[in-house]
Amino acid sequence: MNFQALHHPSYFPSYFSINDILATNERVPCKFERTAYGVGYLDASSGNKDLEAGTQLEVPCWLARALYSRRRIVTCQLPKTFKERYREILKADASLVDLHMLSPHFYELGQHILPLAGTEAPILGTLLVETLRDRLRSIMDTSLNSLEDDANSHMAKLDELERSLFRTGRKTFHDHRLWLSRRAHIVTTSPMVEQHNKRKFSELS
């Protein structure tokens with residue numbers, strides 16, 4: 001994750017990223033600041049063709065970004081995952097939180113919401129950085145030192161970015177052990193060369 005880009009309004013990872021597609025499908029609370037014509041179907045309970053100004057509705061993050069960037073049709077609020085209640089829980093001890101249950105794409109979604117967060121953007125950006133920082137040591141320690149069952153149990157509580165880091169640490173540890181076990185393949189002198197050297201030494205003496 002490029003944290004230098006956290007406050008940049010155009011965070012776009014790979015177009016073909018499944019995690020990105022799933023993250024931007026999560027819903028964001030929005031208020032329509034002006035009438036949106038022909039999209040009344042977004043609110044099935046209204047029965048109207050248009051969405052009137054003042055309508056409050058949860059829409060997918062990708063749609064919220066599009067409506068916000070085009071003439072500020074909507075203003076957005078933070079999803080409950082990033083509200084003050086959960087921020088306080090994460091600040092208390094982020095390493096104990098089941099982040100996957102809270103939001104499977106916590107960091108990815110957070111970066112997409114940053115341009116929509118208004119005055120709360122700095123708070124959200126700080127939350128994303130500090131949460132990963134506080135959890136990273138535990139993630140890497142467990143990936144390097146735990147048994148398989150413990151590793152699976154720990155990974156179940158991680159968001160998708162953290163799972164990727166965990167798998168990377170696990171694979172690196174496995175590859176390192178594999179490399180260390182290859183002592184039988186240390187290069188040694190060929191028996192033919194040894195005999196040749198002994199013969200030459202014998203002739204010299």
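Modeller: In this predicted model, a residue is called buried when its relative accessible area is under 20%, exposed when that value is over 50%, and partly exposed in between.

Biologist: Which residues of H5 are buried by that cut-off?

Modeller: In H5, the buried residues are Phe106, Tyr107, Glu108, Leu109, Gly110, Gln111, His112 and Ile113.

Biologist: What makes you describe helix H5 as largely enclosed by the rest of the structure?

Modeller: Helix H5 spans residues 106-113, and eight of its eight residues are buried, so the description of this helix as largely enclosed by the rest of the structure follows from that count. For the protein, with its 205 residues, the buried share is 37%.

Biologist: Why is Arg72 called partly exposed?

Modeller: The relative accessibility of Arg72 is 45%, and because partly exposed covers the range between the 20% and 50% cut-offs, Arg72 counts as partly exposed.

Biologist: Where is Arg72 found, and what is notable about its phi?

Modeller: Arg72 lies in the loop between helix H2 (61-69) and strand E3 (74-76), and its phi is near 50 degrees, which is a positive value in a residue other than glycine. Most residues other than glycine have a negative phi.

Biologist: How many helices and strands does the protein have, and in what order do they run?

Modeller: There are nine helices and three strands in the protein, and, read from the N terminus, their order is α-β-β-α-β-α-α-α-α-α-α-α.

Biologist: How much of the accessible surface belongs to carbon and sulfur atoms?

Modeller: Carbon and sulfur atoms account for 55% of an accessible surface of about 13600 Å².

Terms used
Residues are numbered from 1 along each chain as its sequence is written. This is a predicted model: local features need pLDDT of at least 70, side-chain atom pairs count only at pLDDT 80 or more; totals for chains, interfaces and linings use all residues. Side-chain values use heavy atoms; hydrogens and water are left out. Helices (H or I, at least four residues) and strands (E, at least two) are DSSP runs, numbered from the N terminus. Buried means under 20% relative accessible area, exposed over 50%, partly exposed in between (1.4 Å probe, protein chains only). Accessible areas come from the Shrake-Rupley method with a 1.4 Å probe; for residues, only the protein chains shown count as cover.
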